[in-house]
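Student: Please take one part of this model and go through it closely. I would like a connected account rather than a list.

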Amino acid sequence: MRFALRDDDTNFFTSPEALESCYRNIWDILPPTLCLISKVKGNWAHWVHHIYREKQTTDWQAWERDNTVYPIEQNNGLVDFLKEKIKAGKLDVGFHAKYHRNEDDTLPGEVTANYVRGAEFYTNRDLSQDISTEVAHLNELLDYKISVFTPPQNLLSLKGYEAVIRSGLNICGGGISFYKKQKDYRGLINLTKQAVFKLRYSAFDYPYVLHFGNHAEIPYHYPLQPDTELKALIRKFEEVRRFDGDFVLSTHYVEMDYPTTYDPKKSMKNILEEFLSYIGKYKLEYMSLSKLLGS
């Protein structure tokens, strides 16, 4: 069984100390894949906590007005830290967003229970050039070839999905039905594999990486958020382990110190540590998300 850890939202406002606090005790065994926002819009350090607290009662007009662009390369300390840790094999990086904002006049469809304003690639527009340009910029900045994309808010429209594929990136998540995915020769094989699996095991997620003609995808990942209970994560892990599958834990470093919603004495980081302790009794292949999708 293979295991990877995905962490979204590293950007201009991220401090090396915050990342080190989260991952220094595990990155020698498991290199987390930090998925980057290259040019975050607005004071993300303020809004990320404000939106978590206020949720849908957030003053979205104020959020929209706060639209200054903050390129990640202007945080020299973060860039130097990422380059050092990537070279040492302690961290991996992927691409997450350019602005981490959806500014479309019209969306492909309604989405409930999600902050679609941040779902940059849930769009009717072709953003493939944006993705290619930003990834090339990050590759040069970090002296590293990014191969993985993770969608903001875990939402992709078909237009967004096609843009990522055209940009040559592998994908983790996105919410696209496997019936609507790429229909090349490998895609048709993948469709058959998943359909057969769901017929036999209707209660379970398809637990393996899928290889298409020009990219790879893992359709499911398992979030660690402030409302995630340890027993729920363990249940999903054991479901994937049953099939000797591929398990991706997805989280956000910025929330690690948040108390869980069900026990204020426990932080999200406590749950991460307890979960990693639990799975540590099994023989797993720990790897970056880039390696998982590239092999």
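**Helix 4 and its surroundings**

Tutor: Helix 4 covers residues 76–87, and at 1.5 Å a residue its 12 residues should span 16 Å; the C-alpha atoms at its ends lie 17 Å apart, which agrees. The model is a predicted one. Within helix 4, the buried residues are Leu78, Val79, Phe81, Leu82, Lys85 and Ile86. Looking down the axis of helix 4, these buried residues fall within an arc of 165°, so they line one face of the helix. On the other side of helix 4, the exposed residues are Asn76, Asp80 and Lys87.

The packing partners of the buried residues come from both strands and helices: strand 1 (2–10), strand 2 (33–37) and strand 5 (92–97), together with helix 1 (16–23) and helix 5 (128–142). Just after helix 4 comes glycine 89, with a positive phi of about 80°.

Strand 1, one of the elements against which helix 4 packs, also contributes to a cavity lining. Searching the whole structure gives three cavities of 30 Å³ or more, and the largest has a volume of about 40 Å³. Its lining consists of Arg6, Asp8, Asn154, Pro223, Gln225, Ser250, Thr251 and His252. Strand 1 and strand 11 (246–251) are the elements that each give two or more residues to this lining. Sorted by class, the lining of the largest cavity comprises five polar, two charged and one nonpolar residue.

Terms used. Residues numbered from 1 in each chain as written. Predicted model: local features only at pLDDT ≥ 70, side-chain atom pairs only at ≥ 80, totals over all residues. Heavy atoms only, no water. Helix = DSSP H or I, 4+ residues; strand = E, 2+ residues; numbered from the N terminus. Expected span 1.5 Å × (residues − 1). Buried < 20%, exposed > 50% of the residue type's maximum accessible area, 1.4 Å probe, protein only. Arc of directions from axis to C-beta. Contact = heavy atoms within 4.5 Å. 1 Å grid on protein atoms, 1.4 Å probe; cavity = no way out; pocket = protein on both sides within 12 Å on 5 of 7 lines; lining within 4 Å. Points joined across faces, edges and corners; volume = space filled by probe spheres on them. Nonpolar A, V, L, I, M, F, W, Y, C, P; charged D, E, K, R; others polar.
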